[in-house]
Amino acid sequence: MMDIAGHLKAIHREVSRLPSTSGETVAVRLRRSYDAEVADVWDAITDPARIARWLMPISGDLRLGGTFQLEGNAGGDILECSPPSAFKVTFGGPTSIVSVRLLEDGPDTTVLELEHTVPIEIAGSGAGSLYVGPGWDGVVMALARHLHNEFDGDPLAFGATAEGQEFSRQSVHAWAAVARESGTATEAEVDAAVEAAMGQFAPDTPTTPRG
């Protein structure tokens, strides 16, 4: 069985509203440490064969200025690429930006930082973090299981299992707590986002947290 609580606790989450040159944005940030060298983590998140093993199939011209498409999911343009430490892409639309950075924290430890920003007009408020945050939790969890040789099955099928659904349920509530504490959304906005996110990420589990 997967250590759901351990994987969720390993992720640091932040939500903020930031000014930008084109207007206000909502930023979702995650940080997680891996017991792996930077070169190995970089290879795992950029090599198509490895990405398909822990996330989903990916196609495209995977280089600076190229494009990518995750099978059955989002695609976009590759805006920046600085091996083996950073890349930036559009994700599902030109104003939805995902940045990933890898930092060495000792010889065999890598810290991954991910930021996803979207305009306030799309996110609505900081509660919009619940529409993407649980998905990114699943991504950094799946990467950990791949790097630590904990899982080598069908990554897409895992999300529909009872274990995968329970991870997502707890992730939704973790992001709800962060959104509330951030002061970037009203209680009503967070409550509505929880209901929508549960339907998206964990439709087969109870909405209310368990004791």
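**View 1. Charged groups of the predicted model.** The protein carries 15 positive and 30 negative charges, and the mean positions of these two sets lie 3 Å apart. The coordinates shown come from a predicted model. The accessible surface of the protein amounts to about 10200 Å², and carbon and sulfur atoms contribute 53% of this area.

**View 2. Overall fold and dimensions.** Eight helices and eight strands are present in the protein. Its radius of gyration is 17 Å, close to the 17 Å expected from the globule rule for 211 residues, so the protein is as compact as a globular protein of that length. The C-alpha trace spans about 45 × 45 × 35 Å along the principal axes. Among contacts with a separation of 6 or more, 56% join residues 24 or more positions apart.

**View 3. The largest nonpolar core.** Of the 211 residues in the protein, 47% count as buried. The largest nonpolar core comprises 54 residues, and the residues with the most contacts inside this core are Leu30, Ile45, Trp54, Leu112, Leu130 and Leu143. Helix H5 (residues 133-147) supplies the largest share of the core, namely seven residues.

**View 4. Surroundings of Leu130.** Leu130 is one of the residues with the most contacts inside the largest nonpolar core. Apart from neighbours within four places in sequence, Leu130 is in contact with Val172, Trp175, Ala176 and Ala179, and also with Ala193, Val194, Ala197 and Phe201.

**View 5. The second nonpolar core.** A further core, separate from the largest one, consists of six residues. Ile4, Leu8, Phe158 and Phe167 are among them.

Note on methods:
Residues are numbered from 1 along each chain as its sequence is written. This is a predicted model: local features need pLDDT of at least 70, side-chain atom pairs count only at pLDDT 80 or more; totals for chains, interfaces and linings use all residues. Side-chain values use heavy atoms; hydrogens and water are left out. A nonpolar core is a set of buried Ala, Val, Leu, Ile, Met, Phe, Trp, Tyr and Cys residues joined through side-chain atoms within 4.5 Å. Buried means under 20% relative accessible area, exposed over 50%, partly exposed in between (1.4 Å probe, protein chains only). Helices (H or I, at least four residues) and strands (E, at least two) are DSSP runs, numbered from the N terminus. Contact means heavy atoms within 4.5 Å. The radius of gyration is taken over C-alpha atoms; the globule rule is 2.2 Å times the number of residues to the power 0.38. Accessible areas come from the Shrake-Rupley method with a 1.4 Å probe; for residues, only the protein chains shown count as cover. Lys and Arg count as positive and Asp and Glu as negative; His and the chain ends are not counted. The place of a charge is taken as NZ of Lys, CZ of Arg, CG of Asp or CD of Glu.
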